[in-house]
Amino acid sequence: MSDAPAPVRLSQRAARRIALAAQGFGRPRPESPGIRDVQRVIDTVTVVQIDSVNVVSRSHYLPFFSRLGVYDPSLVDTARDRAPRRLVEYWAHEASLVAPSTWPLLDFRMRRAREDAWGTMRHVARERPDLVEAVLDEVARRGPMTSREVEAALAHDLPRQRGDWGWNWSLVKSALEHLFWAGEVSSAGRTAQFERRYAVPARVLPPPLRALALDPQARPSEAESFRRLIELSARAHGVGTEQCLRDYFRLRPEQARPAIAALVADGTLVPAEIAGWRRPAYLHRDARRPRGIRARALLSPFDSLIWQRDRTSALFDFDYRLEIYVPEHLRVHGYYVLPFLLAEDLVARLDLKADRAAGVLRVRRCTWEPGRGGAEDRRELDEELALLATFLGLTRTQIDQ
């Protein structure tokens, strides 16, 4: 006889509410958001994706806006750039901001930098170890530094070796990115031009974690790290399949499955069946199960609520893809499309652009879901667009269709 607990049975709508609450959409927006509210978002989503596209805003600012409303984005900069840091940068989902306590849990990825990093990083590590060593030494002595500052410093300190290295900026940048992937350098923040300011982790991580920066052997084991990462993912999902839980930190099946089994065994995860879902799911034991959600938000294409496209479709009956890299004549909904969350539903998609020169938030296209787009939906959208324009420092909204 099996001792496995009987699965919890959930409707799609119940699962959707659990997911929205787990991502912070079950709370009202604060009247005057401060650093504690920013911290609450960090604690809730655990991972904030970074992307350089700036057609509306740098993407890492938008998840905070979606949950807090109009806030001062310098609060996020402070959390990332000033000690004691509440956010540090590393490869989590993609390039991401995570809590400092999450950084050592990703040591398994750092250890595989020579095998898993992109080709140019692997090449410089294998073919130019002397350059990598020189770059690390320069950052350790002088950081925080941008890649261009590192190149300039090396050109001054080691001018005779330029020819030996086939010197160029891209090699220095590749060396820095290899060291960043390997966890030997970190980011102390970003410049106004969005360049990383490289520093050794001991200068970036808060004091309680600096010993882990200096001694990789003191970091959690891989098995413990996978369990903790899956538990963080499960908290941020509320309920999700193995695929959902793996995708949050980009774990492979062989990394995630033993962790899920261990968390089911100790009661942290409860097996669940969701109506209409073919795959088994897991409910975090502490997940809120609200009777209703009254949310309203424009979501960045890189918002953690909608990262996993299969999950977005299964939860919201909303098929969504990013069309930035699709040729313009083949795009269906636009270049930089933000889904519009209203109450418990994704009801529209908006192709937006912040025209900073004109002070205008341009709505280049708005596509409503079937049965949506009535007067009340449009009023709610107009109010949310006005808030976004205010957040971006723009004076008005203009529909260009």
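## The second largest pocket

In this predicted model, the second largest pocket has a volume of about 270 Å³. Its lining is made up of 15 residues, and the ones closest to the pocket centre are A21, A22, T44, R235 and D286. If you have the structure open, those five residues are a handy place to begin looking.

Three elements give two or more residues to this lining: α1 (12–22), α2 (35–45) and α13. The largest share comes from α1, which supplies three residues.

## A four-stranded sheet and the helix across it

Helix α13 also takes us to the sheet. This helix spans residues 222–237 and lies across β7, β8 and β9, running at about 85 degrees to β9.

The sheet itself is open and has four strands, in the order β1-β8-β9-β7, with mixed pairing. At its edges stand β1 (8–10) and β7 (239–241); each has a single partner strand, so one side of each is left without a neighbour in the sheet. From one strand to the next, the twist averages 40 degrees.

Strands of a sheet pair through backbone hydrogen bonds, in either a parallel or an antiparallel sense. Here, strand β8 (residues 269–274) and strand β9 (residues 281–284) pair in the antiparallel sense, over four bridges. To find one of these pairings on screen, go to A272: its bridge partner in β9 is A281.

## Two nonpolar cores

Nonpolar side chains tend to be buried together in soluble globular proteins. In this model, the largest nonpolar core has 101 residues, and V135 and L350 are those with the most contacts inside it. Helix α10 (residues 169–181) gives the largest share of this core, seven residues.

Leaving aside residues up to four places away in sequence, V135 touches V150, L154, V172, A175, L176 and L179. There is also a second, separate core of 28 residues, which includes L20, A21, I306 and L341. You have met A21 already, as one of the residues closest to the centre of the second largest pocket.

## A buried glutamate

Is E380 buried or exposed? With a relative accessible area of 10%, E380 falls under the 20% cut-off, so this residue counts as buried. E380 lies in helix α17, which covers residues 375–391.

Which residues does E380 touch, not counting those up to four places away in sequence? The contacts are R294, R296, F340 and L342. Showing these four side chains together with E380 gives you a clear view of that spot.

Definitions and conventions: Residues numbered from 1 in each chain as written. Predicted model: local features only at pLDDT ≥ 70, side-chain atom pairs only at ≥ 80, totals over all residues. Heavy atoms only, no water. Buried < 20%, exposed > 50% of the residue type's maximum accessible area, 1.4 Å probe, protein only. Contact = heavy atoms within 4.5 Å. Pairing = 2+ DSSP bridges. Axes fitted to C-alpha atoms, helices over the stretch in contact; angles between N-to-C directions. Core = buried A, V, L, I, M, F, W, Y, C linked by side-chain atoms within 4.5 Å. 1 Å grid on protein atoms, 1.4 Å probe; cavity = no way out; pocket = protein on both sides within 12 Å on 5 of 7 lines; lining within 4 Å. Points joined across faces, edges and corners; volume = space filled by probe spheres on them.
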